[in-house]
Amino acid sequence: YTKQRSSGHFIYVTSSSIDEPSPYHIFMVSGKAALRYSMDVLKKHYTDFVFTEICPGKTKTNMLKQNYQGSKSDQEIEAEYQNVDYLTAKQVAESIVIAMNLKLDQIKIVPHNKKK
């Protein structure tokens, strides 16, 4: 991409958990932190490109179902989401569009803390 264009826009998704990791998410957070680090290296070398990091908080997707690989029912997974605040995939997507249009370096989005 960088060799075929003189400029462009990279958008990549990490996680707000990078800044406050928990043992339960250590491997996911490590991977997201590695992505952040890698993109920071590229930013320094490709200064005509915009790099936008999207850092969402807990987001309700099918990923949790995939993580459990059938060991929990859909109802059990849904019950887990009822105990925490979460973003929707649509909210994350809308934030990405805003970040693209404004050419932001980073956008961190977390759900409102109404369950606590």
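**Salt bridges and the loop after strand E1**

Lys72 and Glu80 bring their side chains together in a salt bridge, with N and O 3.0 Å apart. Both partners sit at an in-between level of exposure: Lys72 is partly exposed at 31% relative accessibility, and Glu80 is partly exposed too, with a relative accessible area of 26%. This pair comes from a predicted model, and a search through the whole structure turns up 7 salt bridges.

Before going further into those, it helps to have the overall layout. The protein chain has 116 residues, 26% of which count as buried. Its secondary structure adds up to 4 helices and 5 strands, and reading along the sequence gives the pattern β-α-β-β-α-α-β-α-β. Taken along the principal axes, the C-alpha atoms fill a box of roughly 50 × 25 × 25 Å. Among contacts with a separation of 6 or more, 69% are between residues 24 or more positions apart. In other words, plenty of this chain touches parts of itself that sit well along the sequence.

How confident is the predictor, and what is the mean pLDDT of the protein chain? The mean comes to 90, and 97% of the residues reach 70 or more. The elements do not all score alike: strand E2 (residues 49-56) has the highest mean pLDDT, 97, while helix H2 (residues 63-68) has the lowest, 78. As a rule of reading, predicted coordinates should not be taken in detail where pLDDT is low.

Strand E2 also takes part in a strand pairing. E1 and E2 run parallel and are joined by 6 bridges. One of the pairings puts Phe10 opposite Phe51, its bridge partner in E2. To get from E1 to E2 the chain passes through H1, and this β-α-β crossover is right-handed. Helix H1 covers residues 26-45, and one of its residues is Leu42. Leu42 is partly exposed, since its relative accessible area is 32%. Leu42 and Thr2 are 40 residues apart in sequence, yet their C-alpha atoms are 9.9 Å apart in space.

Between E1 and H1 comes a loop, and Thr14 has its place there. Is Thr14 buried or exposed? It counts as buried, because its relative accessibility is 3% and the cut-off for buried is under 20%. The side chain of Thr14 is joined to that of Glu53 by a polar contact of 2.6 Å. Leaving out residues up to four places away in sequence, Thr14 touches Lys32, Leu35, Arg36, Glu53, Ile54, Cys55 and Pro56.

Ser16 lies in the loop between strand E1 (8-13) and helix H1 as well. Ser16 also counts as buried, because its relative accessibility is 12%. Setting aside neighbours within four places in sequence, Ser16 is in contact with Cys55, Pro56, Gly57, Lys108 and Val110. Cys55 and Pro56 are among the residues touched by Thr14 and are in contact with Ser16.

Lys108, one of the contacts of Ser16, leads back to the salt bridges. Lys108 forms one with Asp19, and the closest N and O atoms are 3.3 Å apart. Lys108 lies in strand E5 (residues 106-109) and Asp19 in the loop between E1 and H1, so the bridge ties together parts of the chain that are 89 residues apart in sequence. Lys108 is partly exposed, with a relative accessible area of 45%, and for Asp19 the value is 45%, which makes it partly exposed as well. This pair does not stand alone: Asp19, Arg36, Glu53 and Lys108 are linked in a network of salt bridges. Two members of that network, Arg36 and Glu53, are also on the list of residues that Thr14 touches.

What distance separates N and O in the salt bridge of Glu78 and Lys60? The answer is 2.9 Å, with the two side chains meeting in the bridge. Glu78 belongs to helix H3 (residues 74-82) and Lys60 to strand E3 (residues 59-60), so this pair ties together parts that are 18 residues apart in sequence. Glu78 is partly exposed, at a relative accessible area of 32%, and Lys60 is partly exposed at 26%.

Technical notes. Residues are numbered from 1 along each chain as its sequence is written. This is a predicted model: local features need pLDDT of at least 70, side-chain atom pairs count only at pLDDT 80 or more; totals for chains, interfaces and linings use all residues. Side-chain values use heavy atoms; hydrogens and water are left out. Helices (H or I, at least four residues) and strands (E, at least two) are DSSP runs, numbered from the N terminus. Buried means under 20% relative accessible area, exposed over 50%, partly exposed in between (1.4 Å probe, protein chains only). Contact means heavy atoms within 4.5 Å. A salt bridge is a side-chain nitrogen of Lys or Arg within 4 Å of a carboxyl oxygen of Asp or Glu. pLDDT is the predictor's confidence in each residue, from 0 to 100. Two strands pair if DSSP finds at least two bridges between them. A crossover is right-handed if, with the strands pointing away from the viewer, the path from the first strand over the helix to the second runs clockwise. A polar contact is a pair of N or O atoms within 3.5 Å; within protein, one must be able to donate a hydrogen and the other to accept it, and residues adjacent in sequence count only if both atoms are side-chain atoms.
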